[in-house]
Amino acid sequence: MKNVAVIGAGTMGNGIAHTFAQFGFKVQLIDISQASLDKGIATITKNLDRMVAKEKISEEDKQNTLNNITTFTNLKEGVEYAGLVVEAATENVDLKLQIFKDLDELCPDDTILATNTSSISITQIAAVTSRPDMVIGMHFMNPVPIMKLVEIIRGYNTSDEVTNTIMELSKKLNKVPTEVNDYPGFVANRILMPMINESIETLYNGVAGVQEIDTVMKLGMAHPMGPLQLADFIGLDVCLSILNVMYEGFKNPKYAPCPLLVNMVMAGKLGVKSGEGFYDYSESRKAEKVAKMFG
């Protein structure tokens, strides 16, 4: 399996493409937008330059990685020879279902179809294909080239053979694959998102300020990043989407998103990517300045 197609050139997609390409795989990076592809390649190049500067890779390694990536705006052309497809499109269930319907028709019969979804049911996605045994979750962590974990999520019908193949493939990327079963939020987000949501509730209820909440969790719980800063980094819209998936999936009020989170997303305050969330990123991408609303 040397040809890997990655769908979506955004934050996760370009990170996944970068990682596979760096380990010698031929990567077809696919997006409907040429501008997104150009931006994705620019991000990969910048990240590789940073690795060269830190002497983690050579200039030759950087060029080989970039040479391993080919971009496509046409899905059919991009997946034509893929042994594995990793979908990393927007976290929208209808969009993902349509993509997997298309992939099932366009990909060779022996192509494994993986999704990088952080919360949507693998079983539901697999059900729209004629190969549910060959559909699996590969939930990479952000930033993909650095973070070691890959959550490997088995759908209800995912075969042992496909699971073992993806576990071994993940190890070839110098990752630590961890197998989990298909329930809303899997493991990572089932535990993480209620913590983030509770942090937002704590702010919403006036218990403490943004920096105070993050400081308690960083210094008291040894977290490298406070939960509100982490929410900004993930994207508040993504956090809201995952909480909604879990709330719908379990019908348990403990997963209901905080009204403050809902309002911030509606107002377009999405975190780092919009320039403001709980912190103000207009001058720096570091969480140094609390957003005016919370200052």
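This is a short dialogue on reading a predicted model, from its annotated domains down to single residues.

Student: Let's start with the annotations. Which residues does UniProt list for the domain "3-hydroxyacyl-CoA dehydrogenase NAD binding"?

Tutor: According to the unreviewed UniProt entry, that domain covers residues 3–182. In the predicted model, this stretch is 43% helix and 22% strand, with its end C-alpha atoms 27 Å apart.

Student: And where does the record place the domain "3-hydroxyacyl-CoA dehydrogenase C-terminal"?

Tutor: The unreviewed entry in UniProt gives residues 185–281 for it. That span is 62% helix and 0% strand, and its end C-alpha atoms lie 28 Å apart.

Student: Now a helix pair. At what angle do the axes of α2 and α3 cross?

Tutor: Angles over 145 degrees count as roughly antiparallel. Here the axes of α2 (residues 34–53) and α3 (residues 59–67) cross at roughly 160° and come within 9 Å, and the two helices are therefore roughly antiparallel to each other. The crossing of α2 past α3 is right-handed.

Student: Which residues make the contact between α2 and α3?

Tutor: From α2 come Ile44, Thr45, Leu48, Asp49 and Val52, while α3 supplies Glu59, Lys62, Thr65 and Leu66. By class, the residues of this contact are four nonpolar, two polar and three charged.

Student: Let's turn to single residues. Is Gly155 buried or exposed?

Tutor: A residue counts as buried when its relative accessible area is under 20%. Gly155 is at 9% relative accessibility, so it counts as buried. You will find Gly155 in the loop between β7 (149–154) and α7 (160–172).

Student: What is Gly155 in contact with, leaving aside its neighbours within four places in sequence?

Tutor: With those neighbours set aside, Gly155 is in contact with Ile122, Thr123 and Asp182. You can also compare sequence and space: Gly155 and Val180 are 25 residues apart along the chain, and their C-alpha atoms are 9.5 Å apart.

Student: Where is Thr163?

Tutor: Look in helix α7 for Thr163. The same reading of accessibility applies: Thr163 counts as buried because its relative accessibility is 0%.

Student: Which residues is Thr163 in contact with, again leaving aside its neighbours within four places in sequence?

Tutor: Thr163 is in contact with Ile136, Arg154, Thr158 and Glu179. Try displaying those side by side with the contacts of Gly155, which are Ile122, Thr123 and Asp182 once its neighbours within four places in sequence are left aside.

How values were computed
Residues are numbered from 1 along each chain as its sequence is written. This is a predicted model: local features need pLDDT of at least 70, side-chain atom pairs count only at pLDDT 80 or more; totals for chains, interfaces and linings use all residues. Side-chain values use heavy atoms; hydrogens and water are left out. Axes are lines fitted to C-alpha atoms, for helices over the stretch in contact, and angles run from 0 to 180 degrees between N-to-C directions. Helices (H or I, at least four residues) and strands (E, at least two) are DSSP runs, numbered from the N terminus. Angles under 35 degrees count as roughly parallel, over 145 as roughly antiparallel, 65 to 115 as roughly perpendicular and the rest as oblique. A crossing is left-handed if the near helix is turned anticlockwise from the far one by less than a right angle, and right-handed if clockwise. Contact means heavy atoms within 4.5 Å. Ala, Val, Leu, Ile, Met, Phe, Trp, Tyr, Cys and Pro count as nonpolar, Asp, Glu, Lys and Arg as charged, and the others, Gly among them, as polar. UniProt positions are given in the numbering used here, feature names are shortened, and annotations may be inferred rather than shown by experiment. Buried means under 20% relative accessible area, exposed over 50%, partly exposed in between (1.4 Å probe, protein chains only).
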